[in-house]
Amino acid sequence: KVSVPHVYREHGTSIHLTEDRGIALAQLNMLCDLARRVVDCVELRDGTNDTPLKWEVLNMYHINDHFVVPLTLPFQCSFVELIADSGQPPQWFVSHWWGTPFHQTISLLGFHSLERQLPDN
């Protein structure tokens, strides 16, 4: 069994302006680590075809259904509001397809950050 990290157990803050709900790479990496641990220990199933989910195919649709919604629903907040201490205006806007495997999205965001010498936070 995988325990839910403390950061996901309490509502962080209310951020009224949606444009201040940027997410940091470090925060995405934390979610990625949790998702990886869960997928390695628990059988998650795809909501559309009921097949078991493997790490290699887990995408943002799955992340949303199996992690973001269950973690935020009790607090009725966005994911960033759950994990942030205050507003987080983004430095970059990244558009991506939710069907891309999550580990690839995280890897590409890491590459983007490295190439531009950006901090994780």
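## Helix α1, helix α4 and the cysteines

Cysteine 32 counts as buried, because its relative accessibility is 10%, which falls below the 20% cut-off for that class. The model in which this residue is seen is a predicted one, and the values that follow are computed from it.

Cysteine 32 is also one of the residues through which helix α1 meets helix α4. Two packed helices are described by the angle between their axes and by the distance between those axes. For α1, which spans residues 25-41, and α4, which spans residues 102-115, the axes come within 11 Å and cross at roughly 155 degrees. That angle makes α1 roughly antiparallel to α4, since angles over 145 degrees are placed in that class. The crossing in which α1 passes α4 is left-handed.

On the α1 side, the residues that take part are Leu25, Leu28, Asn29, Leu31 and Cys32, and they meet Phe102, Ile106, Leu109, Gly110 and Ser113 on the α4 side. Sorted by class, this contact of α1 with α4 holds seven nonpolar and three polar residues, with no charged residues.

Serine 113, which has its place in helix α4, is buried, with a relative accessible area of 8%. When its neighbours within four places in sequence are left aside, serine 113 is in contact with Leu25, Leu118, Pro119 and Asp120. Leu25 in this group is also among the α1 residues that meet α4.

The accessibility of serine 113 and of the two cysteines discussed here is set out below.

| Residue | Relative accessibility | Class |
|---|---|---|
| Serine 113 | 8% | buried |
| Cysteine 32 | 10% | buried |
| Cysteine 41 | 53% | exposed |

Cysteine 41 is found in helix α1, and at 53% relative accessibility it counts as exposed, whereas cysteine 32 counts as buried. How far is the sulfur of cysteine 32 from the closest cysteine sulfur? The distance is 15 Å, and the partner is cysteine 41, so the two sulfur atoms are too far apart for a bond. Taken from the other end, the cysteine sulfur closest to that of cysteine 41 is the one in cysteine 32, again at 15 Å and too far for a bond. A disulfide would require the pair of sulfur atoms to lie within 2.5 Å, and a search of the whole structure finds zero disulfides.

Cysteine 41 can also be placed relative to tryptophan 97: the two residues are 56 residues apart in sequence, and their C-alpha atoms are 27 Å apart in space.

Notes. Residues numbered from 1 in each chain as written. Predicted model: local features only at pLDDT ≥ 70, side-chain atom pairs only at ≥ 80, totals over all residues. Heavy atoms only, no water. Axes fitted to C-alpha atoms, helices over the stretch in contact; angles between N-to-C directions. Helix = DSSP H or I, 4+ residues; strand = E, 2+ residues; numbered from the N terminus. Parallel < 35°, antiparallel > 145°, perpendicular 65-115°, else oblique. Left-handed = near helix turned anticlockwise from the far one by under 90°. Contact = heavy atoms within 4.5 Å. Nonpolar A, V, L, I, M, F, W, Y, C, P; charged D, E, K, R; others polar. Buried < 20%, exposed > 50% of the residue type's maximum accessible area, 1.4 Å probe, protein only.
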